[in-house]
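Welcome! Please take a moment to look over the chain below, and then read on for a short guided tour.

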Amino acid sequence: MIAHRPDQTEAISTEELAAANGLELIRCDGVHPLEACDYYLITGAGILPEDVVADKKIINVHPGIIPSARGLDAFKWSIYEKIELGVTLHFIDKKVDEGEVISIIKTPVY
């Protein structure tokens, strides 16, 4: 049997990742507007409310090539729908997985 999602209990924590790269970790509760930084990097979140993301530069890594592969489990849906696989680095805006694209890295399939 293949697990729907990999076990995350053995993955590197956000705290460890930030410390290893000399970055300050500021947690967002997803309710209050972000105020501390010029740019933010999402390391796992649901859909953030519009007032939280308004006028902020929030970078997200999305497991799919947007706009063709949006939403939860986009990589799996891409395989199912025979859509090109890849990862999109983009700015979050008020629409889900539709913000300005920074970079797309295609995933080779052999």
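## A threonine in the middle of things

The side chain of Thr88 reaches the backbone nitrogen of Ile66 at 3.1 Å, where a polar contact is a pair of N or O atoms within 3.5 Å; within protein, one must be able to donate a hydrogen and the other to accept it, and residues adjacent in sequence count only if both atoms are side-chain atoms. Before going further, please note that this is a predicted model, in which local features need pLDDT of at least 70 and side-chain atom pairs count only at pLDDT 80 or more, while totals for chains, interfaces and linings use all residues. Residues are numbered from 1 along each chain as its sequence is written, and side-chain values use heavy atoms, with hydrogens and water left out.

Thr88 belongs to strand β3. Helices (H or I, at least four residues) and strands (E, at least two) are DSSP runs, numbered from the N terminus. Is Thr88 buried or exposed? Thr88 counts as buried because its relative accessible area is 0%; buried means under 20% relative accessible area, exposed over 50%, and partly exposed in between (1.4 Å probe, protein chains only). Setting aside residues up to four places away in sequence, Thr88 touches nine residues by name: Asn60, Val61, His62, Gly64, Ile65, Ile66, Val101, Ser103 and Ile104. Contact here means heavy atoms within 4.5 Å.

## The sheet around it

Let us step back to the whole chain. It has three helices and four strands, and from the N terminus on the elements run α-β-α-β-α-β-β. The four strands form an open sheet in the order β1-β2-β3-β4, with mixed pairing. At its edges are β1 (39–41) and β4, each of which pairs on one side only. On average, neighbouring strands of this sheet are turned by 15° against each other, direction ignored; the axes are lines fitted to C-alpha atoms, for helices over the stretch in contact, and angles run from 0 to 180 degrees between N-to-C directions.

Two strands pair if DSSP finds at least two bridges between them. Strand β2 (residues 57–62) and strand β3 (residues 86–91) run antiparallel and are joined by four bridges. Here Thr88 turns up again, as the bridge partner of His62. On to strand β4 (residues 101–106), which pairs with β3 in the antiparallel sense over five bridges; in β4, Ile105 is the bridge partner of Val87.

## Buried residues along the way

The table lists four residues that count as buried.

| Residue | Place | Relative accessible area |
|---|---|---|
| Val53 | helix α2 | 5% |
| Ile58 | strand β2 | 0% |
| His62 | strand β2 | 3% |
| Thr88 | strand β3 | 0% |

His62 has a long list of partners beyond four places in sequence, including Ala69, Arg70, Ala74, His90 and Asp97. Val53, leaving aside its neighbours within four places, is in contact with Leu48, Ile58, Ile92, Asp93 and Lys94. Lys94 is 41 residues from Val53 along the chain, yet their C-alpha atoms are separated by 7.0 Å. Ile58 has a partner of this kind as well: Tyr40 is 18 residues away in sequence and 4.6 Å away in space, C-alpha to C-alpha.

## Two backbone details

Most residues other than glycine have a negative phi, and most peptide bonds are trans. Which two residues does a cis peptide bond join? They are Ile66 and Pro67, with omega at about 15°. Pro67 sits in the loop between β2 and α3 (74–81). In the loop between α3 and β3 you will find Lys82, whose phi is near 60°, a positive value in a residue other than glycine. Lys82 counts as exposed because its relative accessible area is 77%.

## The chain as a whole

Buried residues make up 24% of the 110 residues in the chain. Of the contacts with a separation of 6 or more, 40% are between residues 24 or more positions apart. The chain exposes about 8400 Å², and carbon and sulfur atoms supply 58% of it, as given by the Shrake-Rupley method with a 1.4 Å probe; for residues, only the protein chains shown count as cover.

How far can you trust the picture? pLDDT is the predictor's confidence in each residue, from 0 to 100. The chain averages 80, and 85% of the residues score at least 70. Among its elements, helix α2 (residues 50–53) has the lowest mean pLDDT (76) and β4 the highest (93). Where pLDDT is low, the predicted coordinates should not be read in detail.
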